[in-house]
Amino acid sequence: MTEQYTALYEEHKKLGASFTDFGGWQMPLKYSSELAEHHAVRRAAGLFDLSHMGEVAVTGPQAAAFLDYALTGKLSAVAVGRAKYSLITNADGGIIDDLISYRLGDDSYLVVPNAGNAATVAAELAARADGFDVVVQDQTAATSLVAVQGPEAEAILLDLVPSAQQDLVTGMKYYAAAQVELSVGGSSHPLLVARTGYTGEDGFEIYVPNDDAAALWQALLAAGEGRGLVPAGLACRDSLRLEAGMPLYGNELSLDVDPYAAGLGGVVALSKDGDFVGREALAARKEQAPAHKLVGLKGSGRRSARSHYQVLQDGNSVGEVTSGAPSPTLGYPIALAYVDAAVSAPGTSLDVDLRGKPESFEVVSLPFYKRAK
């Protein structure tokens, strides 16, 4: 696979980032300390380059009806300026990707798939568009995505927003988006700003043409001076999303997983009119209680579970860890795991096989961490 570089790669090099491959992209893993970056997002703010994510525009008179058919959610019910978390599944109900779709106008949506699945989702949407009066355009290669996350995120962003438009930011609800004028590089740029996030904190995502990405990155760093903002890499993004109990495709979600086992049955709109890809299989799966369920595990010791470690009860395997790490915020090990439904209730005591030694964990309700409002 050819290595891909975001428009901000040189900015990350200047800041001394360590890089890692993620979905074929060379992405900043951390800049100094992943622990410090994690705490900065929880206490102040972190600045992330998410330009490896996909952006697929869906426009046309039948855009809403098409997405109702292509995705599991009822996208036609989403108001202009709002967003919806949904899934794209295959005909068997397996999860191709989880994604966020923004309704930018009556006949205009932006679908945002995960990095490793961006090309697959764009191709799948294009294939499913046959017979619909829509245009599916993959804009990933021309678009950068920058996110500022944390309690100081709103104040930092407002430094770039003219007074006449600041209400667009302060009044923006969770899972909403708007075109906002931002002062970047000495000029004003109308950019799509969203309030969704993947860290468990308040924050914003800004979609920007590649040519303007570096200037936006620099402007946000300058606005964050004195407010505790730090550039943040994928390492702390993973520990933050784990604390927030958010699934990661390739870990918690895959073609071998159906939405009900993953606890995402609520985003499958079986009640919507018309057919959609995977409807028959998903309806059948809903009628059958899942044999395994995704749960949160809280460790009682200091050692952390890791992906693919076995979950045990009385020495017998009852599941497998999908993600695990020490929680910097909470101070104890946490993990996500698929376990037998019979042992999935909160409060159930289980063990995880940590390289031959069982370590005590307890099933707990998700998320592990929830920010104060």
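In this report, a helix is a DSSP run (H or I) of at least four residues and a strand is a run (E) of at least two, both numbered from the N terminus. What you're looking at is a predicted model, so local features need pLDDT of at least 70 and side-chain atom pairs pLDDT 80 or more, while totals for chains, interfaces and linings use all residues. Residues count from 1 along each chain as its sequence is written, and side-chain values rest on heavy atoms, with hydrogens and water left out.

**The pockets**

Let's start with the open spaces. A pocket here is an open set of points on a 1 Å grid over the protein atoms alone, where a 1.4 Å probe fits and protein lies on both sides within 12 Å along at least five of seven lines; lining residues have an atom within 4 Å of a point. Its volume is the space filled by probe spheres set on the points, which are joined across faces, edges and corners.

The largest pocket holds about 560 Å³ of space. Its lining is made of 29 residues, and Y85, I100, Y175, G197 and Y198 are the ones nearest the centre. Which strands help to build this wall with at least two residues each? They are β7 (95–105), β10 (143–149) and β13 (203–209). The biggest giver to the lining is β7, with four residues. Sorted by class, there are 20 nonpolar, six polar and three charged residues around the largest pocket. For that sorting, Ala, Val, Leu, Ile, Met, Phe, Trp, Tyr, Cys and Pro are nonpolar, Asp, Glu, Lys and Arg are charged, and the rest, Gly included, are polar.

The second largest pocket comes to about 430 Å³. Here 20 residues do the lining, with Y174, G200, M246, K370 and K373 nearest the centre. The second largest pocket has a lining of nine nonpolar, five polar and six charged residues.

**A hairpin that shares a strand with the pocket**

β7 turns up again, this time as a partner of β6. Strands pair if DSSP finds at least two bridges between them, and β6 and β7 have seven, running antiparallel. In this pairing A83 stands opposite Y102 of β7. The two strands make a hairpin with five residues between them, and G93 in the turn has a positive phi of about 90°. Is β6 (residues 83–89) mostly covered or mostly open? It's mostly covered: five of its seven residues are buried, meaning under 20% relative accessible area with a 1.4 Å probe and protein chains only (exposed is over 50%, partly exposed in between).

**The core**

A nonpolar core is a set of buried Ala, Val, Leu, Ile, Met, Phe, Trp, Tyr and Cys residues joined through side-chain atoms within 4.5 Å. The largest one in this model has 32 residues, and L157, L182, L216 and L220 make the most contacts inside it. Elements that give two or more residues to this core include β4 (45–49), α5 (153–158), β11 (177–184) and β12 (187–194). Strands β10 and β13 are on that list too, and both also help to line the largest pocket. The largest share of the core, six residues, comes from α7, the helix at 210–224.

**A barrel and a small sheet**

Six strands close up into a barrel in the order β15-β18-β17-β16-β19-β20, with antiparallel pairing. Within it, β16 (residues 310–313) and β17 (residues 316–326) are joined by four bridges, and Q313 faces N316 of β17. S304 sits in the loop between β15 (292–299) and β16. It counts as buried because its relative accessibility is 14%. From S304 to L282 there are 22 residues in sequence and 34 Å in space, C-alpha to C-alpha.

There's also an open sheet of three strands, ordered β1-β3-β2, with mixed pairing. β1 (4–5) and β2 (18–22) are its edge strands, each pairing on one side only. Two bridges tie β1 to β3 (residues 25–30) in parallel, and Q4 has W25 as its bridge partner.

**Unusual backbone spots**

Most residues other than glycine have a negative phi, and most peptide bonds are trans. These two residues, neither of them glycine, have a positive phi:

| Residue | Phi | Place | Relative accessible area |
|---|---|---|---|
| D314 | about 55° | loop between β16 and β17 | 72%, exposed |
| R355 | near 55° | loop between β19 (349–354) and β20 | 75%, exposed |

Lastly, L366 and P367 are joined by a cis peptide bond, with omega about 0°. P367 lies in the segment after β20 (357–364).
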